[in-house]
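Good morning. I have a few minutes, and I will use them to go through one structure, chain by chain and then contact by contact.

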Amino acid sequence: MRATIAFALALFVVSTLGNPAAASWASSASGAATARADTIVAPSGLTSSCTLLLGKSVTLNWSPANSWAGYEVRWGTSSGGPYPSSAMTTNTTYSTPALSSGTYYFVVRAINGAWLSANSNQTSKIISPLTCS
Amino acid sequence: MLRSRRIAVVALTVVAAIALADAAQAFWTSFGSGSAAAQSSASIDSIIAPDTSAADLYPGAVMSVTVIIDNPNLYPVVVNSISAGSSEALTSPVCAAGSVTTDARPADPTGLEQSGGAKIIAPQSSGTYTLTTRMLATAGNGCQSRTFTLPLTATITAAP
């Protein structure tokens, strides 16, 4: 009996030593990744020119801001705002609908979802029945 | 005379048998006894550290980031899965929690591929893993120019 137990123990020891991979080594890891957000930039270099075809409209041009942003063109009749009229575009140029006589002030800002940039520089045009300057 | 000889033979046989049994027992005893030495190492948890950061996220953007996972153990390992990550809420200005996320790397019992294609992390070495990161299209204006930390966990097993 004692011999049998001893022999069985010996077999167990040998089998264990000879097969360490039988154990399953598992662990875990924790930590973090990081990410940074960009900043939406105001358009620059806004200029305006008159277009007298099909009524008096104003064509605006500006330098691009972020490549991933669109633009909101805004205008009104008060220098510095408010600018109650607006239109959206993905281009860096925009022509307004025909405007009635008056002095108009224009700005452009970049937009992507809820991200809005500051206004560009302001430009203006004076529209009269016969001229646009 | 003959009887006494017979008795002697029987006695000798018995003695021999006992001696042999003892020897066998001794043999078994010596074979079965002794000490075994086995070295075992408890598994050590790993650390996930940022490597390259997704730069210049904007609403709706999808980009890549990489993380480094180390193997402090004395045996090679594979990373079997990496959890999804989600940014915490930021204040001043407000940027809602979950504005930036990373996709989970689905579980693979054979191990996830590192950025270079290998699966196994050598003992006391590290591996680099690529994750897809996204900014919500509805991310608020307060999320501009911010740095986001995305907590992650991973499961690791010994390399087959």
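I will take the two chains in turn, then the surface between them, then the salt bridges and two single residues.

Before anything else, please keep in mind that this is a predicted model.

Start with chain A. Its secondary structure is one helix and nine strands. Reading from the N terminus, the order is α-β-β-β-β-β-β-β-β-β. The chain has 133 residues, and 39% of them are buried. As for contacts, take the pairs in chain A that are at least 6 apart in sequence: 58% of these join residues at least 24 apart. The exposed surface of chain A is about 7000 Å², with 60% of it supplied by carbon and sulfur atoms.

Now chain B. What does its secondary structure come to? The count is one helix and nine strands. From the N terminus the elements run α-β-β-β-β-β-β-β-β-β. Of the 160 residues in chain B, 30% are buried. Among contacts in chain B with a separation of 6 or more, residues 24 or more positions apart account for 71%. Chain B exposes about 8900 Å², and carbon and sulfur atoms supply 62% of that area.

Next, the surface between the chains. How many residues of each chain are in contact with the other? On chain B there are 52, and they are in contact with 29 residues of chain A. Together the two chains bury about 3400 Å², of which 56% is on carbon and sulfur atoms. There are zero salt bridges between chain B and chain A. Polar contacts do occur: 23 residue pairs, with both residues at pLDDT 80 or more.

Which elements of chain B give two or more residues to the side that touches chain A? They are helix H1 (2-32) and the strands S1 (46-50), S2 (54-57), S3 (62-71), S8 (125-135) and S9 (147-158). The largest share comes from S9(B), with twelve residues. Sorted by type, the residues on that side of chain B are 31 nonpolar, 18 polar and three charged.

On to the salt bridges. Over all chains, the structure holds three.

One is in chain A, between Glu72(A) and Arg109(A), where the closest N and O atoms are 2.6 Å apart. Glu72(A) sits in strand S4 (residues 70-76) and Arg109(A) in strand S7 (residues 102-112), so the pair ties together parts of chain A that are 37 residues apart in sequence. Both Glu72(A) and Arg109(A) are buried.

Another is in chain B, where the side chains of Arg134(B) and Asp103(B) meet at 2.7 Å, N to O. Arg134(B) is in strand S8 and Asp103(B) is in the loop between S6 and strand S7 (120-121), so to speak of distant parts of the chain is fair: they are 31 residues apart. Are these two buried or exposed? Arg134(B) is partly exposed, because its relative accessible area is 35%. Asp103(B) is also partly exposed, at 27%.

Lys119(B) and Asp108(B) form a salt bridge as well, with 3.6 Å between the closest N and O atoms. Both residues lie in the loop between S6 and S7 of chain B, so this pair ties together parts that are eleven residues apart in sequence. Lys119(B) is partly exposed, with a relative accessible area of 28%, and Asp108(B) is partly exposed at 24%.

Last, two single residues.

Thr102(B) lies in strand S6 (residues 100-102) of chain B. Why does Thr102(B) count as buried? Because its relative accessible area is 3%, and buried means under 20%. Leaving out residues up to four places away in sequence, Thr102(B) touches several others, among them Val65(B), Ala84(B), Leu131(B) and Leu152(B).

Cys132(A) is in the segment after strand S9 (123-127) of chain A. Its relative accessibility is 15%, so Cys132(A) counts as buried. Beyond its neighbours within four places in sequence, Cys132(A) is in contact with Cys50(A), Leu52(A), Lys125(A), Ile126(A) and Ile127(A). Ala114(A) is 18 residues from Cys132(A) in sequence, and the C-alpha atoms of the two are 35 Å apart in space.

That is the end of my part.

Note on methods. Residues numbered from 1 in each chain as written. Chains lettered and ligands numbered in written order. Predicted model: local features only at pLDDT ≥ 70, side-chain atom pairs only at ≥ 80, totals over all residues. Heavy atoms only, no water. Helix = DSSP H or I, 4+ residues; strand = E, 2+ residues; numbered from the N terminus. Buried < 20%, exposed > 50% of the residue type's maximum accessible area, 1.4 Å probe, protein only. Contact = heavy atoms within 4.5 Å. Areas by Shrake-Rupley, 256 points an atom, 1.4 Å probe, with all protein chains shown as cover. Buried area = accessible area lost by both parts, 1.4 Å probe. Salt bridge = Lys/Arg side-chain N within 4 Å of Asp/Glu carboxyl O. Polar contact = N/O pair within 3.5 Å; in protein donor to acceptor, adjacent residues only side chain to side chain. Nonpolar A, V, L, I, M, F, W, Y, C, P; charged D, E, K, R; others polar.
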